[in-house]
Amino acid sequence: MPDPRKTMRNVDKTFGPTLREARERRGLSQAALAEAMQALGFDFQQQTIYKIESGNRRATIGEAAGFARALQLDDVSSLVNGKNSLAVSLVLRPVQSAYDDVFFASQRLLHAQLEVARLVSKIDDDSQLPERQIDNLRDALRFDPVSIAMEALALARGSLEHDENISEPIKAIMREAWHTTDG
């Protein structure tokens with residue numbers, strides 16, 4: 001088992017550079033990040049950000065959580081676990097967002113399918129439509145929202161897998177994360 005003291009020292013060493021990278025990726029200056037932290041109730045100045053990024057001052061747990069919020073990160077772990085974690089988090093965020101969009105769209109599609117099925121059943125009971133037209137309406141209801149969501153996820157993964165701007169170590173981390181979440 002790794003020595004927890006060494007792990008914590010590594011966090012202290014990597015937090016500042018990771019914070020700087022996250023800030024720069026968001027296009028913020030040190031002063032702008034300090035203002036965002038002030039809005040969250042922290043007494044920060046540009047110099048405070050500089051000291052933390054350069055490793056001359058440690059951040060508290062509360063400050064780390066504030067940074068994650070100010071930088072619109074999902075959680076503190078991407079700052080605490082270093083640059084690779086931050087990069088993976090930033091790369092996967094649009095994929096997760098797209099997956100969530102597809103999932104919720106598939107839920108709406110399923111709801112619409114159920115409503116149309118109810119209406120088709122009512123039409124079938126109340127009208128004299130030819131059986132072929134009723135069957136065509138039923139065929140239109142055979143979309144599988146889960147399959148649609150899984151196809152979208154596969155397309156997103158394929159797109160990331162072939163993105164030349166993502167380094168091979170990051171791709172390996174993403175593959176491992178997908179393998180872990182898939183099963």
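A helix here is a DSSP run of H or I that is at least four residues long, and helices are numbered from the N terminus. With that in hand, here's a quick tour of this predicted model. The chain has nine helices and zero strands, and buried residues account for 28% of its 183 residues. Most of the stops below are around helices α2, α3 and α4, with a side trip to α8.

**The whole chain**

- Walk along the sequence and you get the pattern α-α-α-α-α-α-α-α-α.
- Take the contacts with a separation of 6 or more: 55% of them join residues 24 or more positions apart.

**Helix α2 and its two faces**

- Helix α2 covers residues 30-39, and its buried residues are Gln 30, Leu 33, Ala 34 and Met 37.
- Those four sit on the same side of α2, because they cover an arc of only 105° around the axis.
- Flip to the face turned away from that buried side and you'll find the exposed residues Glu 35 and Ala 39.
- Just after α2 comes Gly 41, with a positive phi of about 100°.

**Helix α3, built along similar lines**

- In α3, the buried residues are Thr 48, Ile 49, Ile 52 and Glu 53.
- They too are on the same side of their helix, since the arc they cover around the axis of α3 is only 130°.
- Gly 55 follows α3, and its phi is positive, near 85°.

**Where α2 meets α3**

- The axes of α2 and α3 (residues 46-53) come within 8 Å and cross at roughly 105°.
- Angles of 65 to 115 degrees count as roughly perpendicular, so that is how α2 and α3 are placed relative to each other.
- On the α2 side, the contact is made by Gln 30, Ala 31, Leu 33 and Ala 34.
- On the α3 side, the partners are Gln 46, Ile 49, Tyr 50 and Glu 53.
- Sort the residues of this contact by type and you get five nonpolar, two polar and one charged.

**The largest nonpolar core**

- This core has 16 residues, and the ones touching the most other members are Phe 15, Leu 19, Leu 33, Phe 44, Phe 67 and Leu 79.
- Helices α1 (4-25), α2, α3 and α4 (61-70) each supply at least two residues of the core.
- The largest share, four residues, comes from α4.
- Phe 44 is worth a click: leaving aside neighbours within four places in sequence, its contacts are Ala 34, Met 37, Gln 38, Ile 49, Ile 52, Arg 57, Glu 63 and Phe 67.
- Two of those names, Ala 34 and Met 37, also turn up among the buried residues of α2, while Ile 49 and Ile 52 are among the buried residues of α3.

**Helix α4 and the loop that follows**

- The buried residues of α4 are Glu 63, Ala 64, Gly 66, Phe 67, Ala 68 and Ala 70.
- Most residues other than glycine have a negative phi.
- Gln 72, just after α4, goes the other way with a positive phi of about 55°.
- You'll find Gln 72 in the loop between α4 and α5 (77-80).
- Is Gln 72 buried or partly exposed? It's partly exposed, because its relative accessible area is 48%, and partly exposed runs from 20% to 50%.

**A stop at α8**

- Arg 157 lies in helix α8, which spans residues 145-161.
- Arg 157 counts as buried, because its relative accessibility is 18% and the cut-off for buried is under 20%.
- Arg 157 and Arg 175 are 18 residues apart along the chain, and their C-alpha atoms are separated by 9.0 Å.

Definitions and conventions. Residues are numbered from 1 along each chain as its sequence is written. This is a predicted model: local features need pLDDT of at least 70, side-chain atom pairs count only at pLDDT 80 or more; totals for chains, interfaces and linings use all residues. Side-chain values use heavy atoms; hydrogens and water are left out. Buried means under 20% relative accessible area, exposed over 50%, partly exposed in between (1.4 Å probe, protein chains only). The arc is that of the directions from the helix axis to the C-beta atoms. Axes are lines fitted to C-alpha atoms, for helices over the stretch in contact, and angles run from 0 to 180 degrees between N-to-C directions. Angles under 35 degrees count as roughly parallel, over 145 as roughly antiparallel, 65 to 115 as roughly perpendicular and the rest as oblique. Contact means heavy atoms within 4.5 Å. Ala, Val, Leu, Ile, Met, Phe, Trp, Tyr, Cys and Pro count as nonpolar, Asp, Glu, Lys and Arg as charged, and the others, Gly among them, as polar. A nonpolar core is a set of buried Ala, Val, Leu, Ile, Met, Phe, Trp, Tyr and Cys residues joined through side-chain atoms within 4.5 Å.
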